[in-house]
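Hi,

Here is the structure I promised to pass on. Have a look at it first, and then read my notes underneath.

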Amino acid sequence: MAHGLVDVRILQREYLLAISRAVTAELDLHDVFRIILRAAVDLVAGKAGMIALHHPELDNSVRVAAVYGIPAPLVDHFAPLLRDIPQVDAGEQEAELTRRLQLVAHRSNLGFTQMVRLPMVSGGETIGLIYVFLSGTPYHLPKDAASLLGSFAEQAAIAVKNARLYEQVNKEKQRLDAIIQQNADGVMILDQSLRITDFNKALSRMVGRLPEEVIGRPHEEIFQWLSLKSEMDLHEALTNGWPLPGAAHLYVEGDLQRPFDENLETADGKRVSLGITYAPLMDGDGRMTDIIANVRDLTRYREEEALQKTFISVVSHELKTPVSIIKGYAGTLRRQDANWSPEVMQDSLAVIEEEADNLTDLIDSLLEVSRLQAGTFNLEVSEDLQLNRVVENTARKFGSQSEKHEIIVQFADDFPPIWGDERRLGQVMNNLISNAIKYSPDGGEIMIRGKVHPQHVTVSVRDGGIGIPDHEQHRIFQKFSRLDNALSRKTEGTGLGLFLCKAIIEAHDGRIWFHKNPDGPGTTFTFSLPRN
Ligand code: ATP
Ligand code: MG
């Protein structure tokens with residue numbers, strides 16, 4: 001049945017309204033197609049319709065995207081209509097199309113006698129086709145209906161384009177999310193109202209909070225600084241007019257308290273030092289739309305800085321003490337008016353000599369550290385070093401210095417000669433034994449054992465002293481680190497000994513570690529060296 005001209009105009013408005021509503025409502029592409037197909041089929045009093053899309057990404061194939069009035073099991077029969085469809089609608093292939101339509105009508109048994117085919121064009125390119133199938137006696141499309149169908153095709157093309165753009169944007173967003181998430185630095189994004197919209201894994205580890213816990217929350221709630229190193233934080237900067245046109249970055253540095261959560265390893269309640277660079281994103285009118293923040297964990301750097309500071313005060317103290325002792329003794333001995341007995345002279349000179357040795361040791365340690373830092377630390381190895389001799393010599397030296405301590409050396413009879421730097425390994429023993437003495441002020445036994453294993457040898461130094469608290473385990477081998485206890489304030493030391501021991505042993509491809517004595521007070525330090 002054909003429509004009169006007035007009908008067509010009314011229908012035209014209704015259909016177009018419905019379609020453009022569907023397109024702008026961001027409905028699912030399938031829903032939009034269904035509405036368009038129904039309108040197109042109704043308009044020409046057709047029986048069925050079909051939309052097929054070009055897929056440049058899938059070998060340029062043409063695939064059915066939506067049908068109306070065609071039972072699903074029969075859709076495959078329409079394949080001949082999809083093959084070899086020209087990029088631009090070519091009227092001269094009419095005859096061929098009619099032949100194919102007859103084939104399809106026959107196979108599907110749907111009795112179609114006529115077909116209207118409309119290209120969907122977007123950006124000058126045919127991205128798909130709309131088919132409307134009619135049955136019964138051939139029907140001549142009124143001109144208005146034809147142009148209306150054309151506008152349906154246009155709408156369909158817009159909907160496809162939107163959907164594809166949407167998909168592309170989505171993909172791009174996923175890619176961006178992945179880049180942010182996988183970034184080794186901490187990254188977060190704040191929206192205009194300074195709420196956190198993105199928070200990556202690295203940042204989550206730094207501040208000890210899970211992303212799902214902070215996303216959507218205000219920045220100032222999460223970043224409550226304990227102390228600030230920079231002049232102002234983000235919020236002060238914003239009140240002071242940041243960002244100015246030109247959109248300079250803002251750098252904020254400070255300390256933050258990590259929350260405590262025993263189930264979350266990184267939420268250990270400790271302080272972290274962070275450096276955050278906030279970069280504003282501006283729109284075309286110069287309004288800030290988002291802030292991207294890059295976050296660095298500066299904790300280790302800060303700790304190093306604090307260590308350097310302690311180092312300077314410790315070293316200057318350690319240097320000053322022997323120098324002033326030497327100066328004091330030398331000055332006394334030099335006094336014109338005094339007549340010192342030979343014993344006093346001897347004792348004083350012995351003190352001067354000992355303090356000069358201490359100074360030399362300290363200067364040697366400092367030189368070693370600077371060699372390590374400069375990368376010019378080279379071993380002077382001998383192939384068959386008798387490690388037990390080195391140990392015995394060092395033990396003897398200390399044995400004569402301390403009456404309270406008894407140093408026992410026990411080496412396996414088959415302890416083999418090893419590959420090593422005699423002077424450096426002597427330094428290691430020197431420090432381990434001196435520590436054992438220093439940190440067992442009540443005296444006692446210091447047991448040094450040498451053991452042989454198939455691939456390596458070990459030397460251990462066991463004392464019965466004050467021990468090392470468990471939580472200091474990771475710190476002890478660090479440069480300039482001395483444990484804060486009453487003893488370390490009384491005893492001399494720079495905190496370089498164990499740091500150098502570790503460097504020397506590792507340069508020999510060995511390892512050094514310690515453990516609490518299982519059967520008594522004190523600590524046992526052990527190092528291993530490879531046998532070959
Ligand atoms: P230096 O060796 O430079 O003269 P130091 O002995 O203080 O100074 P390290 O040998 O590096 O430095 O030791 C670091 C810290 O580890 C010491 O200050 C001490 O607090 C602790 N320590 C080391 N050995 C022992 C030990 N056997 N028992 C208890 N605490 C120890
Ligand atoms: Mg020491």
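The side chain of Lys-438 has an N or O atom 3.0 Å from an oxygen atom of ligand 1. That fits the rule for a polar contact, a pair of N or O atoms within 3.5 Å (within protein, one must be able to donate a hydrogen and the other to accept it, and residues adjacent in sequence count only if both atoms are side-chain atoms). Asp-463 also uses its side chain, with an N or O atom 2.8 Å from a nitrogen atom of ligand 1. With Gly-495 it is a polar backbone atom that lies 2.9 Å from an oxygen atom of the ligand. In total 20 residues surround ligand 1, and those that come nearest are Asn-435, Asp-463, Arg-482, Thr-494 and Leu-498; a residue counts here if one of its heavy atoms lies within 4 Å of the molecule.

Before you go further: this is a predicted model, where local features need pLDDT of at least 70 and side-chain atom pairs count only at pLDDT 80 or more, while totals for chains, interfaces and linings use all residues. Residues are numbered from 1 along each chain as its sequence is written, chains are lettered from A and ligands numbered from 1 in the order in which they are written, and side-chain values use heavy atoms, with hydrogens and water left out.

Now the domains. The assignment splits the protein chain into domain 1 (5-173), domain 2 (185-297), domain 3 (303-374) and domain 4 (382-530); such bounds come from an automatic or database assignment.

I looked at how domain 3 meets domain 4. Their C-alpha centres lie 24 Å apart, and 18 residues from domain 3 and 15 residues from domain 4 take part in the contact (heavy atoms within 4.5 Å). About 1400 Å² is buried between them, 62% of it from carbon and sulfur atoms; buried area means the accessible area (1.4 Å probe) that two parts lose on being put together, summed over both. On the domain 3 side, Leu-307, Glu-368 and Val-369 supply 34% of the buried area, more than any other three residues.

Which residue forms a salt bridge with Glu-368? Arg-424 does, with the closest N and O atoms 2.6 Å apart. The rule (a side-chain nitrogen of Lys or Arg within 4 Å of a carboxyl oxygen of Asp or Glu) finds 1 salt bridge across this interface.

Over the whole structure, the search gives 21 salt bridges. One of them joins the side chains of Asp-185 and Arg-296, at 3.2 Å from N to O. Asp-185 is in the loop between helix H4 (143-182) and strand S5 (186-191) and Arg-296 is in strand S10 (residues 288-297), so this pair ties together parts 111 residues apart in sequence. Helices (H or I, at least four residues) and strands (E, at least two) are DSSP runs, numbered from the N terminus.

Two backbone details to finish. Trp-242 and Pro-243 are joined by a cis peptide bond, with omega about -5°, and Pro-243 sits in the loop between helix H8 (234-239) and strand S8 (250-257). Asp-59 has a positive phi, near 60°, although this residue is not a glycine; its place is the loop between strand S1 (48-55) and strand S2 (61-68).

Cheers
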